[in-house]
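This report describes one protein chain together with a ligand. The sequence and the structure are shown first.

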Amino acid sequence: MAEAAISTVSLSEAQSLDAFWMPFTANQQFKANPRMLVAAAGMYYTASDGRKILDGTAGLWCVNVGHGRREIAEAVHQQLLQLDYASSFQMGHGGAFQFAERLVKLLPGDLNHVFFTNSGSEAVDTALKLAIAYHALGDEPSRQRFVGRERAYHGVNLGGIAVGGIATNRRFFSELTPGVDHLGHTHNLEHNAFSRGQPLWGEALADELETVVENAVLKPSQR
Ligand SMILES: Cc1ncc(COP(=O)(O)O)c(C=O)c1O
């Protein structure tokens, strides 16, 4: 493999930390005292000062099979050389069909079609759009409300922040994200901490949905 292709840019080589606007990060704080990573293998990152750091979240759940797997790097390398990219607009390539076919075999029930997206945020917004379009084309075109939960995280696109329960993420966008109700959150240490299996407490959190649905039968303009 071409080792030179692997980024080993360390802090000393970076001209400035200013241009990159980091997501979900206190930028000024980080840039005053940056924690830079330069390599990864298996479960560990290597920091720019040489320390090994356990990647406890598997790269925020993007690297569940571990870092630097040679067989994955080689497969990606081969694919890049053979067919690096092909649009799926009015044309196709075998890999996408093959992957979709393999995926539906693993999925339960009648989940038998796959629509690919590039991130969880895009997947959530796509799912919301599909649900609305499904009912618009079916018997219930007025069925257009969503129910989320306070504190829930469903990504950063408009649909995801709307059904999500992080109020600060919606702060400037509430006009663009109407039509969503939020149930109370489920974080209750007094009742749910250290439960084995399903906690005995919490039915009320589900029952709340009935009230929300009853209210939602009225169009937002009627409320
Ligand atoms: C439930 C849920 N929805 C959506 C997302 C957004 O995914 P992404 O960061 O790939 O956009 C996440 C990410 O953690 C998630 O946990």
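The text below goes from the whole chain to its core, the ligand shell and a few single residues.

**Overall form**

The model is predicted. Its protein chain contains nine helices and five strands. From the start of the sequence to its end, these elements come in the order α-β-β-β-α-α-α-α-β-α-α-β-α-α.

Along the principal axes, the C-alpha atoms of the protein chain occupy a box of roughly 60 × 45 × 40 Å. The radius of gyration of the protein chain is 23 Å, whereas a compact globule of 223 residues would have a value near 17 Å. Of the 223 residues in the protein chain, 5% are buried. Among contacts with a separation of 6 or more, 43% join residues that are 24 or more positions apart.

**The nonpolar core**

In soluble globular proteins, nonpolar side chains tend to be buried together. Here the largest nonpolar core has five residues, namely Val124, Leu128, Ile161, Ala162 and Val163. Two elements, helix 5 and helix 6 (158-163), each give two or more residues to this core. Helix 6 supplies the largest share, three residues.

Leu128 is one of the core residues. With residues up to four places away in sequence left out, Leu128 touches Phe146, Gly159 and Val163.

**The ligand shell**

Which residues lie around the ligand? They are Ser119, Gly120, Ser121, Val124, Tyr153, His154, Gly155 and Gly160. By class, the shell holds two nonpolar residues, six polar ones and no charged ones. Helix 5 (residues 120-137) gives the most to this shell, with three residues. Val124 appears both in the shell around the ligand and in the largest nonpolar core.

**Helix 9**

Helix 9 covers residues 203-216. Its 14 residues should span 20 Å at 1.5 Å a residue, and its end C-alpha atoms are 21 Å apart, so the two values agree. Helix 9 is hardly covered, since the count of buried residues among its 14 residues is zero.

**Single residues**

Three residues are set out here by location and by the number of C-beta neighbours inside 10 Å.

| Residue | Location | C-beta neighbours within 10 Å | Class |
|---|---|---|---|
| Trp61 | helix 2 (residues 58-61) | 8 | exposed |
| Arg151 | loop between strand 4 (146-149) and helix 6 | 14 | partly exposed |
| Pro178 | loop between helix 7 (167-170) and strand 5 (180-183) | 10 | exposed |

Trp61 is not a glycine, yet its phi is positive, at about 65°. Arg151, also not a glycine, has a positive phi of about 75°. Trp61 belongs to helix 2, whereas Arg151 is in a loop.

Why does Arg151 count as partly exposed? A residue is exposed with 12 or fewer other C-beta atoms within 10 Å and buried with 20 or more. Arg151 has 14 such neighbours, so it falls in between. Pro178, with 10 C-beta neighbours inside 10 Å, therefore counts as exposed.

Pro178 can also be placed relative to Leu81. The two are 97 residues apart along the chain, and their C-alpha atoms are separated by 46 Å.

Definitions and conventions
Residues numbered from 1 in each chain as written. Predicted model: local features only at pLDDT ≥ 70, side-chain atom pairs only at ≥ 80, totals over all residues. Helix = DSSP H or I, 4+ residues; strand = E, 2+ residues; numbered from the N terminus. Expected span 1.5 Å × (residues − 1). Near = placed C-beta within 6 Å. Nonpolar A, V, L, I, M, F, W, Y, C, P; charged D, E, K, R; others polar. Core = buried A, V, L, I, M, F, W, Y, C linked by C-beta atoms within 7 Å. Contact = placed C-beta atoms within 7 Å. Rg over C-alpha atoms; globule rule 2.2 N^0.38 Å.
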